Amino acid sequence: MSNYPKPTNEQLLDIYRRAITIKLNDERIIKEMMSGRLVTPYYSARGQEIIPSSVMPNMNDDDYLCTIYRGTHDMVAKGFPLDLMWAELAGRVTGSCKGKGGTMHLTHPPTGSMVTTGIVGSSMPIATGLGWAAKLKNKRQVALACFGDGACNIGAFHESLNFAAVFNLPVIFLCQNNRYAEHTSMKKSSRVEQYSKRAAGYGMEGVTVNGNDPDEMYGAAKWAINRARNGEGPTLIEAMTFRFNGHLLGDPGHYIPAEEMAAAKAADPVPALRQRLIDSGIADGAALDTMEAGILVTIDAAVQAAYAADYPDVAELKRDVFAHEIA
Ligand SMILES: Cc1ncc(C[n+]2csc(CCOP(=O)(O)OP(=O)(O)O)c2C)c(N)n1
Ligand SMILES: [Mg+2]
């Protein structure tokens with residue numbers, strides 16, 4: 001992968017800013033849930049931060065993102081406003097979907113954050129449709145579909161990749177391969193070791209990269225996004241990673257061998273990038289401390305504002321849900 005474009009020092013710093021925001025936001029969500037103040041389904045992507053943080057600097061606000069329940073990290077990296085996200089998680093009327101969507105339906109079109117969905121595999125056909133619309137409008141937009149390794153074994157994967165290839169659509173299919181689907185290891189559910197090899201079956205480009213390495217992830221994403229923007233068609237990127245928490249909060253993850261988890265945590269990509277920035281003189285520790293303190297203040301303000309807001313009233317319940325009820 002040495003021929004991919006490399007991020008500049010400034011871009012590496014930007015990747016770190018996005019990654020540490022995701023990590024700190026994730027930790028605050030879990031803290032609020034454990035305190036009982038926040039009641040929501042939540043699927044932590046702790047450990048996967050570098051993937052969207054390295055991809056999104058290559059995307060514009062009017063490029064589309066479709067992701068899954070484990071997609072809060074993708075949305076944060078795309079620029080989803082934290083105050084709207086927190087109000088949404090807390091079910092408040094000031095949320096991006098007036099508190100009616102929650103983690104499963106995070107949506108903020110101004111930043112191209114089109115949807116999170118709880119249906120495994122469904123980010124792919126939605127992104128394919130958006131990619132088709134982008135192509136018809138001829139605006140050089142691209143659509144990114146994020147999904148997990150388990151979703152590579154679902155019908156929507158086949159239908160979406162085939163359709164996107166046949167119509168040469170500007171879609172990037174980004175598999176965040178954390179090696180487990182719920183409680184089942186990829187080793188027990190697939191005979192192929194690299195899902196990217198399946199791209200050949202659809203006549204499209206496919207690569208596997210280390211998703212925890214910002215150089216590789218940024219470079220592969222830039223290459224694929226440029227191809228899509230230039231009308232050269234879709235790409236399947238398989239980004240290898242690991243999730244540090246269970247499938248959802250409360251899952252102790254006993255099905256993951258202790259040594260596998262320990263090795264993944266020892267290679268935690270977020271502090272590793274921080275250390276790299278310091279060692280290479282891109283930033284000093286004090287400057288990063290200041291950056292992190294500022295992010296914590298922003299998150300805290302978003303949390304407090306969310307709790308201070310009202311819940312939607314009953315009249316709001318069906319509005320924007322059924323087409324004939326749209327006000
Ligand atoms: C169509 C469908 N089938 C089954 C489920 C239940 N389910 C939720 S998450 C999940 C595992 C998906 O794993 P993967 O695609 O690897 O994503 P990850 O959770 O690891 O990010 C399953 C089977 C679902 N939500 N939707
Ligand atoms: Mg998985």
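Select Tyr-180 first: in this predicted model, Tyr-180 is buried, with a relative accessible area of 6%. Because the cut-off for burial is a relative accessible area under 20%, the residue falls on the buried side. The backbone oxygen of Tyr-180 also serves as a donor to the magnesium ion (ligand 2).

**The metal site**

Display the magnesium ion (ligand 2) together with its donors. Which residues coordinate the magnesium ion? They are Asp-149, through OD, Asn-178, through OD1, and Tyr-180, through O, at 2.1 to 2.2 Å. Along the sequence, the spacing of these donor residues reads D-x28-N-x1-Y. Is Asn-178 buried or exposed? Asn-178 has a relative accessible area of 5% and is therefore classed as buried.

**Ligand 1**

Keep Tyr-180 selected and add ligand 1, since Tyr-180 is among the closest residues to this molecule. In total, 16 residues surround ligand 1; the closest are Tyr-69, Arg-70, Gly-118, Gly-150 and Tyr-180.

Three distances involving nitrogen atoms of the ligand may then be displayed:

- Gly-118: a polar backbone atom of this residue is 2.9 Å from a nitrogen atom of ligand 1.
- Val-120: a nitrogen atom of ligand 1 lies 3.1 Å from a backbone N or O atom here.
- Glu-182: an N or O atom of the side chain is 3.4 Å from a nitrogen atom of ligand 1.

Ligand 1 taken alone exposes 590 Å², and the protein buries 73% of that area.

**From Val-120 to Asn-153**

With Val-120 still displayed, add Asn-153. The two residues are 33 places apart along the chain, and their C-alpha atoms are separated by 9.9 Å. Asn-153 belongs to the loop between E3 and H6. Its relative accessibility is 37%, so Asn-153 counts as partly exposed. When neighbours within four places in sequence are set aside, Asn-153 is in contact with Ser-189, Tyr-195 and Arg-198.

**Thr-241 and its surroundings**

Return to the magnesium donor Asn-178 and select Thr-241, which touches Asn-178. Where does Thr-241 lie? Thr-241 is found in the loop between strand E8 (235–240) and helix H8 (258–266). Its relative accessibility is 2%, and Thr-241 is therefore counted as buried.

Beyond residues up to four places away in sequence, Thr-241 touches Gly-47, Gln-48, Ile-51, Gln-176, Asn-177, Asn-178, Arg-179 and Asn-212. Two of these neighbours merit a distance label. The backbone oxygen of Gly-47 is reached by the Thr-241 side chain at 3.3 Å. The side chain of Asn-212 and that of Thr-241 are joined by a polar contact of 2.9 Å. For a further reference point, select Pro-269: Thr-241 and Pro-269 are 28 residues apart in sequence, with a C-alpha to C-alpha distance of 9.5 Å.

**Two positive phi angles**

Most residues other than glycine have a negative phi. Two residues can be inspected against that background.

Select Arg-140, in the loop between helix H5 (123–137) and strand E3 (143–148). Although Arg-140 is not a glycine, its phi is positive, at about 60°.

Next select Asn-168, located in the loop between helix H6 (155–166) and strand E4 (171–177). Asn-168, also a residue other than glycine, has a positive phi near 50°. Its relative accessibility of 31% is why Asn-168 counts as partly exposed.

**Glu-292 in helix H10**

Move to helix H10 (residues 285–308) and select Glu-292 within this helix. Is Glu-292 buried or exposed? With a relative accessible area of 15%, Glu-292 is buried. Its side chain makes a polar contact of 2.5 Å with the side chain of Tyr-16. Residues up to four places away in sequence aside, Glu-292 touches Tyr-16, Ile-20, Leu-24 and Arg-274.

**The whole chain**

Finally, zoom out to the full protein chain. The secondary structure comprises 10 helices and eight strands. The C-alpha trace spans about 55 × 50 × 40 Å along its principal axes. For 327 residues, a compact globule would have a radius of gyration near 20 Å; the value for this chain is 19 Å, which agrees.

Of the 327 residues, 53% count as buried. The accessible surface comes to about 14,400 Å², and carbon and sulfur atoms account for 55% of this surface. Of the contacts between residues at least 6 apart in sequence, 75% join residues at least 24 apart.

How values were computed: Residues numbered from 1 in each chain as written. Chains lettered and ligands numbered in written order. Predicted model: local features only at pLDDT ≥ 70, side-chain atom pairs only at ≥ 80, totals over all residues. Heavy atoms only, no water. Helix = DSSP H or I, 4+ residues; strand = E, 2+ residues; numbered from the N terminus. Buried < 20%, exposed > 50% of the residue type's maximum accessible area, 1.4 Å probe, protein only. Polar contact = N/O pair within 3.5 Å; in protein donor to acceptor, adjacent residues only side chain to side chain. Contact = heavy atoms within 4.5 Å. Donors = N, O, S within 2.8 Å, 3.2 Å for Na, K, Ca; no water. Near = heavy atom within 4 Å. Areas by Shrake-Rupley, 256 points an atom, 1.4 Å probe, with all protein chains shown as cover. Rg over C-alpha atoms; globule rule 2.2 N^0.38 Å.
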